[in-house]
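Please open the structure in your viewer and keep the sequence panel beside it. This tour moves from the whole chain to a few selections, one stop at a time.

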Amino acid sequence: MTPLRRIARFYNAVKSPGSHVSATPMLPRASRKAYPRFPRIPLLRDGLSQASFADLLARRESVRSFSGEPIAFRALSRVLSTFQILDAERTPERRTYPSAGDRFPIELYLLSFAVTDLEPLGLYHLNIGEGALESLWPLQTDTPPDSLVPEGFVAPGALIVLTAMLQRSAVRYGVNAYPLVLLEAGHVAQNLLVGAVDAGLGACPVASLDDDVVTRAFDLGADEVPIYAVMLGSLPRPT
Ligand SMILES: Cc1cc2nc3c(=O)[nH]c(=O)nc-3n(C[C@H](O)[C@H](O)[C@H](O)COP(=O)(O)O)c2cc1C
């Protein structure tokens, strides 16, 4: 999808019937997406390491060539723990990242290439309320796995896809929601990248995915657009 088509899609979404710009700052809590009929795989919650933030930042770099060793589910859980609700009782709920107007438009999905305990070429949604992956369906056979691995990547273990549920933000910010969801995706992605360093994995931000392929693979509705992604993989052994 070209950038212009992407932006046009956003503007069409916020113009759709029922959408409006709310003048009131008090809105009901933004919804969280869930697939209740799909099997859930709880994430392991053993927390991040004791590494200092300075050390994690010093070690961060984009990695595109991975070893092909399956990512341990524990390591994946650690990365995904950087996207969680810390205090659901607080108003607004406190998460590991900030959100403009508490609208929390970002959703996370995962395509597994090689992760222990997950299906190869399985598609998952991260249910943030439950701290679990929801096992959706396998990648359709008419979607070549390579179409979700941009050029330059070798033997990745998983692709984390960040989408935005545009209406959650548009009810408050109208068309200004678009830059806000992009900024928020940046916050989330940086946490995932630093979490990957902590988990001993390689990672790289990805903006060069074909939005149409992602939309079809995850069966996203008209209101949900892919924004960004993070490729993960096991690090090659030092030579
Ligand atoms: C918004 C954004 C999009 C990016 N998209 C891609 C991408 O599609 N493919 C890729 O290989 N790297 C991508 N990168 C990674 C950059 O190429 C990388 O961060 C840059 O070369 C600096 O290298 P470093 O991350 O190792 O410091 C992206 C980075 C950002 C911030």
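What follows is a walk through a predicted model, beginning with the overall fold.

Start with the whole protein chain in a cartoon view, where you can trace 6 helices and 9 strands. Of the 239 residues in this chain, 40% are buried, and among the contacts between residues at least 6 apart in sequence, 80% join residues at least 24 apart.

Next, select the ligand together with the residues that surround it, which are Glu61, Ser62, Arg64, Pro150, Gly152, Cys204, Pro205, Val206, Ala207 and Ser208. If you colour this shell by class, you will find 5 nonpolar, 3 polar and 2 charged residues.

Now move to helix 4, residues 166-173, which is mostly covered, with 8 of its 8 residues buried. The buried residues of helix 4 include the charged-sounding names Arg168 and Arg172 as well as Leu166, Val171 and Tyr173. Step just past the end of helix 4 to Gly174, whose phi is positive, at about 55 degrees.

Finally, select helix 6, residues 211-218, and highlight Val214, Ala217 and Phe218, which are buried. When you look down the axis of helix 6, these buried residues fall within an arc of 80 degrees, so they line one face of the helix. To see what covers them, add strand 4 (106-112), strand 5 (122-127), strand 7 (158-165) and strand 9 (224-234), which are among the covering elements. Just after helix 6, the tour ends at Asp219, which takes a positive phi of about 55 degrees.

Terms used
Residues are numbered from 1 along each chain as its sequence is written. This is a predicted model: local features need pLDDT of at least 70, side-chain atom pairs count only at pLDDT 80 or more; totals for chains, interfaces and linings use all residues. Helices (H or I, at least four residues) and strands (E, at least two) are DSSP runs, numbered from the N terminus. A residue is buried if 20 or more other C-beta atoms lie within 10 Å of its own, exposed if 12 or fewer, and partly exposed in between; C-beta atoms are placed from the backbone. Two residues are in contact if their C-beta atoms, placed from the backbone, lie within 7 Å. A residue is near a molecule or strand if its C-beta atom, placed from the backbone, lies within 6 Å of it. Ala, Val, Leu, Ile, Met, Phe, Trp, Tyr, Cys and Pro count as nonpolar, Asp, Glu, Lys and Arg as charged, and the others, Gly among them, as polar. The arc is that of the directions from the helix axis to the C-beta atoms.
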